[in-house]
Structures are given as structure tokens and as C-alpha cells.
Amino acid sequence: MSGKDNSLPEKNLPDAYTCKQVVTPKAETPGADFPIIGIGASAGGLEALELFLRNVPEKSGMAFVVVQHLDPTREGIMAKLLKRTTSMPVLQVEESTSVQPDCVYLIPPDKDMSLFHGVLHLFEPAAPRGLRLPIDFLFRSLADDRQERATGVILSGMGTDGTLGLKAIKEKGGVVFVQEPAQAKFDGMPKSAILTGLVDIVAPAEELPLKIIAYLKDKPFIGNTEPGLADKDRSAFERIVSLLRSETGHDFSLYKKTTVYRRIERRLGIHQIDELTTYIRFLQENPQELQVLFKELLIGVTSFFRDPEAWEHLKEQAIPELFSRRAPNQPLRAWVPGCSTGEEAYSLAIIFKEKLERAKPTANFSLQIFATDLDRDAIDKARQGFYTANIAADVSPERLRRFFIKEEHGYRVRKEIRDVVVFAPQNIIMDPPFTKIDILSCRNLLIYLTPILQKKLLSLFHHSLNPGGILFLGSAETIGNFTDLFEPLEEKSRLYRRLKPSLHTELFEFPSPGFRFPPGASEAAITQPKTQKHVTNLEEMANQLILQRYSPAAVLVSDKGDILYTSGRTGKYLEPAAGKANWNIFAMAHTGLRYNLSRAFQQAVRQNSTVTLKNVKMETNGEKQTVNVTIHPLAEPEALRRLVMIVFTDVRMPAEAKEPRKTRRAPAHRNRVAELELELEQSRQELQSLRKEMQSSQEELLSAYEELQSTNEELQSTNEEITTSKEELQSLNEELQTVNYELQTKVDELSRANNDMKNLLESTDIATLFLDNMLCVRRFTVQTTKIIKLIPGDVGRPITDIVSDLIYPELAEDAREVLRTLAFTEKSVTTTDGRWFAVRIMPYRTLENKIDGLAITFTDITESKKLEAALRQTQAALEKRIASKDMELDGAKKKLQSGMQQKNKKKGSGTTQKSDQTPEAPS
């Protein structure tokens with residue numbers, strides 16, 4: 001099995017297939033033959049969704065519809081976040097979006113979403129913010145649309161949203177997966193789902209996709225044309241039912257075969273088992289799986305006021321009719337078989353209370369409801385009367401305020417409603433029914449039973465109801481052909497009135513509690529008359545005849561008196577008590593036996609020895625009867641240890657000889673007087689014993705009352721302290737929410753500032769190093785690592801311990817000087833590889849103008865240094881050339897001056913001679 005491919009078969013999708021936002025016209029009603037997975041998440045759900053979607057294989061052929069609790073005031077960014085973790089298209093749903101495989105669909109903010117014929121529709125939320133249950137809303141529509149193919153997943157989240165929705169999925173035969181609470185960031189939703197007992201698989205979020213795929217591969221989708229069980233391995237199926245009966249004591253052979261087989265088929269898919277024979281071996285090796293399968297078969301999905309219109313009809317039509325026929329001092333009795341966790345029984349009590357207050361405020365009507373179910377765990381939960389906050393979707397705010405008490409995690413039924421209902425475990429098929437009932441509400445139970453058993457139960461309901469009593473059935477149930485037993489209150493109503501049976505009506509008689517259907521017996525064999533049964537074993541038939549006609553009546557009971565097995569005809573000694581079913585022998589014993597039997601039973605159990613009551617007189621059907629009662633505590637065999645066998649033996653009193661009337665009148669009179677005196681003495685002894693017991697009981701009750709009173713005072717004090725603490729916690733919680741919002745705002749601002757600083761530093765391309773007051777590295781940019789050998793692990797190390805390419809031994813000294821003087825310094829420093837940097841050391845000032853270290857920038861000036869050197873070389877060459885030119889000019893100047901002097905001399909001598917000859921002109 002491990003070698004199989006985990007992906008689902010492809011649905012013949014085109015090669016170039018891409019998921020699109022397909023909006024289906026309203027006139028179409030498209031279907032989807034691929035799996036649609038509903039996912040619910042809340043707080044901490046993003047992380048769980050990323051783990052889940054990251055592990056979904058490519059082209060899995062599944063579509064994922066995700067509902068999360070979103071802030072209605074903000075634009076949804078979930079699609080952008082999830083696109084990073086999956087290759088599947090992630091789309092935010094628009095109205096009338098058709099679901100396609102290999103796509104993820106997200107609910108938009110401030111909307112409810114449902115699925116109808118493979119198309120997603122959006123609705124405006126009806127509930128105020130904080131009370132919305134969008135996951136329940138989707139899961140319920142998913143269950144209605146996909147039926148047994150519905151698949152729900154619950155991930156991390158606070159609260160209980162999704163719990164009612166998964167119940168709807170399980171009712172339709174779907175499957176539910178839940179994230180492991182220990183892994184979930186918030187475990188409220190996963191724990192609430194697990195506590196329902198309906199979850200199929202609990203696993204970490206990253207493992208859920210492959211588990212879903214494995215389940216869908218091994219579980220074939222059952223369509224409307226599902227083959228009957230005749231095409232299956234009937235023998236293996238009956239062996240499973242037999243194992244269930246041996247383990248739990250309950251026979252499911254009269255349940256609808258398709259219903260039972262669908263539950264078994266789901267278990268096969270969960271365990272990835274292909275054959276029924278393999279599953280039988282698995283059941284034999286794992287007895288706990290039998291209990292899980294038993295719970296699976298007992299799935300009781302119910303809710304408050306299911307089908308509101310039907311409840312309104314009951315309130316406005318049936319209950320007033322009962323009021324009109326009933327005297328105020330006569331209590332009304334109701335029976336709710338198959339009550340599951342009690343929602344239906346409490347709904348009936350609320351409806352009755354509302355109608356009583358509205359119709360006859362001064363009337364003294366009372367109602368007693370008996371609610372029974374096969375599942376003891378469900379009965380225990382119903383007795384607590386506590387339900388999650390999700391019931392706000394089914395119960396109006398007015399009813400929540402009037403009939404429920406708000407607690408931390410949900411609502412608790414008020415005492416006035418809780419006291420009306422009595423819960424008890426009962427097997428409706430095997431145990432005696434309640435009688436003298438005015439209202440019998442049996443909704444959505446008959447649909448799981450075979451037609452033959454439905455007919456027998458309807459006959460039983462007719463027997464239980466008073467004349468004119470009301471039978472309340474589910475929306476998918478009818479009375480069938482029993483129109484001679486019931487009549488509808490109105491057309492198309494599921495409310496029926498009991499009629500008087502006709503003479504030819506044959507009522508069903510249930511077997512005794514010790515009776516068990518034989519393994520492998522068919523319905524026809526079970527229901528056919530005894531005269532038609534073919535008995536092949538003569539010895540067995542003879543033994544049965546002897547036990548029935550000649551052996552004494554006997555009863556096997558526990559040490560508390562609860563009847564476990566009966567043999568022979570015990571009807572003369574025991575009879576069911578009126579009202580609630582009670583299989584205790586002291587409640588069922590005839591009046592003449594009850595006191596003596598109780599006293600002798602206690603003596604036998606206390607002394608662990610056999611006690612015999614002789615010549616006990618009792619009255620049966622108006623005739624006096626004498627009986628001997630033997631009470632024998634059993635010590636062996638081991639299986640019967642601590643049990644008690646009670647045997648009833650009739651005693652035949654000797655007949656008096658016929659004598660003349662005159663001679664026997666006096667003895668008869670004396671015998672009668674003696675008999676009366678004996679009875680009087682027995683009555684005195686019983687009265688004395690009862691007085692002692694009553695006095696002892698009164699003392700114990702007085703002591704218990706004082707203890708309870710003291711405990712009550714302590715509880716009241718504790719309750720006041722808890723109330724005060726709760727108010728303080730609520731106030732503190734509001735303050736924390738405000739602080740949390742402010743911190744979130746600061747975190748957002750800090751994140752933006754960090755992003756701005758990072759982009760600024762990277763855009764300048766300047767190496768920057770931040771040091772603290774101890775000259776230890778606090779932060780650095782990527783460009784700094786090209787100068788100083790820094791790695792992320794060097795944060796916190798002194799800068800003097802880190803190797804650097806800078807030829808700058810005075811760095812630490814200059815840094816300390818800047819910290820001391822708070823005046824920046826700037827130097828040009830070269831490196832070992834010939835690069836030049838302008839090192840600028842500045843104090844690091846905070847917004848509060850405090851010095852908290854240093855900021856050192858390294859600006860690359862290598863190119864400018866190279867240009868500077870080239871300029872200097874050019875300048876030197878130019879200066880040299882200028883010097884040589886100056887020398888040449890000086891020589892030429894000197895030559896010129898020398899020539900000028902010579903010329904002047906010659907010119908001067910000629911002038912002198914001429915002046916001697918010519919008189920000098922005036923100047």
C-alpha cells in the first residue's frame with residue numbers, strides 16, 4: 001500500500017489549464033465530481049494554512065475553500081500571503097464563483113459564504129461582529145451540497161466555530177480532519193471539535209493533506225445509484241455486526257444496511273483497508289476499533305429547534321390542543337427517544353414554557369420530559385446542560401437570555417428548564433417503553449432503521465401515547481400505512497394525533513431484555529411467527545420446553561438488585577413500574593413481596609449466604625398466592641461472582657377437608673384471628689424497623705443538610721470572589737487589548753522605519769558600521785564586509801578583535817576620543833590592497849538626544865585619490881617645463897638686454913659727437 005501514488009487521478013484537465021475566477025450564470029446548476037475541501041481557521045490560522053497548503057501535491061485534483069475570521073474593516077491580504085507557499089492559484093471569492101480543482105478560494109472580509117451545486121455564494125452576515133460563525137455556515141452548506149462526499153478541516157483558532165458544522169458533515173456521512181491541538185497556536189477550535197467525538201483523524205497540519213488524499217483514494221464516492229449490500233460480501237458484513245454485538249451488547253442487524261455499510265466503508269478509508277475480511281481481522285486485533293465503530297454508528301447530529309417551522313406548528317397547534325383537554329392539576333408527560341445530547345428535549349421544554357406563559361399565565365400546568373438514548377456519553381453530556389457558544393446560530397437572543405446562563409465558553413440551561421427533563425440510557429428496540437405519554441418526539445431516528453422496525457416502533461409509539469396524544473416526527477419521516485393509528489394535525493405536517501386502534505390492528509411485542517437476535521439471522525427470520533421457525537435440534541427444543549413449563553422462575557441480579565437475566569415465567573412476581581423504565585427488582589416486585597424481599601436480599605448480600613423466605617403471601621390478579629423465595633449469592637463460576645440468583649417457587653397449601661358447616665365454622669374463625677394477629681405482629685415489627693431507619697435517616701439528613709448549608713455559604717463566597725475576579729479580568733483584558741493595538745501600531749511603524757533605513761543605507765552604497773559605547777559591533781551594512789571581515793555572528797564583539805583591511809591602527813583611539821569630546825572626526829585611510837576610504841566617526845544620538853554609541857562611515861575615495869595623484873604628477877611636469885622655459889626666457893632676456901646695452905652705447909657715442917657740433921635743444 002505504501003508504494004501507491006498519493007495524488008488523486010487527474011480529471012482530464014487540459015495541459016494549459018489554469019484556475020480562473022469563473023462566475024457561473026444563475027440559471028446553471030453545475031456539479032463537481034472532484035473533492036471540495038472546506039477549511040476553517042481563526043487565530044494562528046495563517047501559519048497552519050501555510051503548513052497545510054505547502055504539503056498539497058501538485059495537480060491533486062482537489063479544491064480548497066478556506067474560511068477564516070477576518071477583520072471586516074480591513075482589506076483582505078490573505079491571498080497575497082498564501083501565494084508565497086503554494087503553486088496553486090489563490091483567489092478571493094466573488095459572488096457566484098464556480099469552484100475548480102487545484103485552486104484555493106478565500107472568503108472576503110465581512111461576508112458569509114456557502115456552497116450550492118459547486119458554486120460559492122456570498123451573504124451579508126446576519127449576526128453582529130463577535131458573534132459570527134462563518135465556518136459553521138460554510139460547513140453546513142458543504143454538507144447539504146456534497147452529502148457523504150463532504151470533507152471538513154479545522155485548523156488553529158479560538159472559540160468553537162466549526163463544531164456545529166462538523167456535526168452536519170458527519171450526519172451526511174462526510175469526514176472531518178482536525179489539526180493536532182498541541183501543534184495549533186490556538187487550540188480552542190481543534191479541542192472543541194475533538195470533544196464532540198465525531199472527528200475522524202487528528203494530525204499535524206503538514207500531514208493532513210496526504211491523509212485526506214489517502215482517505216479519498218481508498219473510499220469510493222457513493223452516488224445516488226449505490227449498489228445494495230447484496231453485491232457486497234454479506235457474510236463479512238454480518239460477522240462485523242456480530243463482533244459489535246459481542247463487544248457492546250447492541251444489535252445493529254435491524255439498522256438500514258446501507259447506513260451501517262457506509263459507516264464501515266468510511267472506517268475502511270480512514271485505515272486504508274481494501275477488504276472487509278482484512279477489516280474483520282483488524283477489529284479482532286484492535287478491540288478499541290469496535291468502540292470507535294460503535295460510536296460511529298451512534299452519530300446523533302441534532303440542534304436546538306431544528307426545522308423551526310415544525311417547532312412553530314407544535315407550539316401553535318399541538319400544545320394548545322393538549323392544554324384544552326387537560327385539567328390544570330394533571331401534569332403532561334413527554335418522551336424523546338434518541339435524544340442524543342439533549343438539544344431536542346430542551347427545545348421541547350422551552351416551547352412548552354413559552355406557550356404556557358403566553359396562553360395561560362395563571363394555569364398550573366406542568367410538564368415532565370423523559371429523554372433517552374443508546375449512547376451513554378451523549379446522555380452524560382445532555383445531563384450537564386452545557387453547550388458551546390455556537391448555539392447562538394439556532395437559538396434567538398431572546399431565548400438565550402431567558403432560558404440560558406452565559407458562561408465563559410458557552411451557555412448553560414437554566415434550572416427551571418433542566419428540572420423538567422429526565423435523561424436515561426435506553427435501547428428503544430429492546431427495553432420497555434414509557435407509557436401514558438402526551439407528546440412523543442422521535443425526529444430523524446426512524447430514517448436509520450429498516451421499514452420492518454419502523455412499523456414496529458410506530459406500533460410501540462401508539463401504545464405509549466395517551467388517546468389524542470401527539471407524535472412529532474422528523475421532516476423526512478412519515479407514519480406510512482399506519483393511518484388507522486395516527487392522523488396528521490394538518491396536511492404536510494409532521495405532527496400526528498393518536499387514534500383508537502381498530503380491532504384488526506396487530507401491535508408489536510418486543511422481546512425481553514435478555515433476548516438477542518441470533519447471529520446472521522435475516523429480518524424475515526427474526527420477524528416471522530414462531531410456528532414458522534424450523535427447529536432441527538430435538539434436545540434443544542425439549543430443554544426449552546422444560547425450562548418454560550417445569551422449572552421455577554428465576555432472576556439473576558447484580559448486588560444492587562438490577563436485573564441482568566430472567567428465566568421462566570416471572571410475570572406473577574415482577575411487573576414493570578409505571579413511569580421511567582426501571583429494571584431494579586425492588587421496583588418491579590409485587591407489593592406483597594417487596595418488603596420481605598428487600599430485607600432478605602440485604603441480609604444475603606451482607607452475610608454472603610443463602611437466605612430463604614418461606615410461605616410469603618402475595619396477591620396476583622386478585623388471587624392469593626403463597627411462594628418461597630430463595631436468595632443465593634453466587635461465588636462461582638468466576639464470570640458470575642458478586643451476582644445474586646433469586647428463585648421463586650410456588651407453594652401449594654393443603655386443601656381443607658370438607659366438614660359440616662357447623663363443625664368447621666369455629667376453627668375457621670380462630671384461624672382467621674390467628675392470621676390477623678400474625679399479620680398485625682409483622683406490621684408492628686415492620687413499623688418499628690421503619691421508625692429506626694427513619695430516625696437514622698433523619699439524623700444523617702440533618703447532618704448532610706448542615707454540611708450542605710456550610711458548603712453553600714462557602715460556594716456563595718467563592719462565587720462572589722470569582723465574579724469580582726472575572727470583572728477585574730475583563731477590565732484587564734480590555735486594557736490589554738488596547739495596549740496590544742498600540743503595540744501593533746508601534747511594530748508596524750518600526751517595521752516601516754527599518755525598511756526605510758535599510759533601503760536608504762543600501763541606496764547610498766556607503767559602508768556604515770554602528771558601535772555601542774564599548775566599541776562592540778551593533779549593526780553593519782553589506783558594503784562594510786568588503787572592508788572589515790564581518791559576519792552576522794560578530795554582532796556584540798569588540799571592533800578591535802576583528803580583522804580589517806584598513807591601515808588604521810588609531811581607529812579605536814579616535815573612536816574613544818569622539819565619545820569623549822562628542823566632536824566628529826574624519827580621516828583618509830588606505831587599505832592593504834591600495835584602496836582609499838574617508839573614515840568619518842560621529843556620535844550616535846537617539847531621539848532623546850542621548851549618546852548611545854558611534855556611527856562610522858567608510859566612503860570609497862580611491863578614484864579621487866588616483867585623480868589627485870595624477871594631478872600632482874601633471875603639476876610637477878608642468879612646473880618643470882615652466883622652470884626650463886623661465887631659464888630660457890631669462891637667457892634670452894639677458895641677451896636682449898646685453899644687445900640693447902651695446903646698441904645704446906653705440907647710439908650714445910654718436911650722440912655725444914653731434915652735441916658738440918650742434919647746440920643743445922631745450923628740454
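**Group meeting talk: odd loops, a hairpin and a helix pair**

Okay, let's start with Gln-147, which sits in the loop between α3 (134-146) and β8 (151-154). Before I go on, remember that this is a predicted model.

So what is the phi of Gln-147? It's positive, about 55°, even though Gln-147 isn't a glycine. Why point that out? Because most residues other than glycine have a negative phi. And is Gln-147 buried, partly exposed or exposed? Its relative accessibility is 33%, so Gln-147 counts as partly exposed.

There's another one like this further along the chain. Asn-444 is in the loop between β17 (437-442) and α16 (451-464). Asn-444 has a phi near 60°, again a positive value in a residue other than glycine. How about accessibility here? Asn-444 has a relative accessible area of 16%, and buried means under 20%, so Asn-444 is buried.

Now, on to the strands. Have a look at β7, residues 119-123. How many of its five residues are buried? Four of them are, so we can call β7 mostly covered, as that count tells us.

Which strands pair with β7? Let's take β6 to begin with, residues 112-116. β6 and β7 run antiparallel and pair over five bridges. If you want a spot to click on, try Ser-114, which stands opposite His-121 in β7. These two strands, β6 and β7, make a hairpin, with two residues between them. In that turn you'll find His-117, and His-117 has a positive phi of about 55°.

Then there's β4, residues 97-98. β4 also pairs with β7 in the antiparallel sense, over two bridges. Here Thr-97 has Leu-120 as its bridge partner in β7.

Last stop: two helices. Helix α8 covers residues 257-271 and helix α10 covers residues 287-297. They pack at an angle of about 135°, and their axes are 10 Å apart. That angle makes α8 oblique to α10. As for handedness, α8 passes α10 in a right-handed crossing.

Who's doing the touching? On the α8 side we have Val-260, Arg-263, Ile-264, Arg-266, Arg-267 and His-271. They meet Glu-289, Val-292, Leu-293, Glu-296 and Leu-297 in α10. Sort the residues in this contact by class and you get five nonpolar, one polar and five charged.

That's my tour, so go ahead and find these places on the model yourselves.

Notes
Residues are numbered from 1 along each chain as its sequence is written. This is a predicted model: local features need pLDDT of at least 70, side-chain atom pairs count only at pLDDT 80 or more; totals for chains, interfaces and linings use all residues. Side-chain values use heavy atoms; hydrogens and water are left out. Axes are lines fitted to C-alpha atoms, for helices over the stretch in contact, and angles run from 0 to 180 degrees between N-to-C directions. Helices (H or I, at least four residues) and strands (E, at least two) are DSSP runs, numbered from the N terminus. Angles under 35 degrees count as roughly parallel, over 145 as roughly antiparallel, 65 to 115 as roughly perpendicular and the rest as oblique. A crossing is left-handed if the near helix is turned anticlockwise from the far one by less than a right angle, and right-handed if clockwise. Contact means heavy atoms within 4.5 Å. Ala, Val, Leu, Ile, Met, Phe, Trp, Tyr, Cys and Pro count as nonpolar, Asp, Glu, Lys and Arg as charged, and the others, Gly among them, as polar. Buried means under 20% relative accessible area, exposed over 50%, partly exposed in between (1.4 Å probe, protein chains only). Two strands pair if DSSP finds at least two bridges between them.
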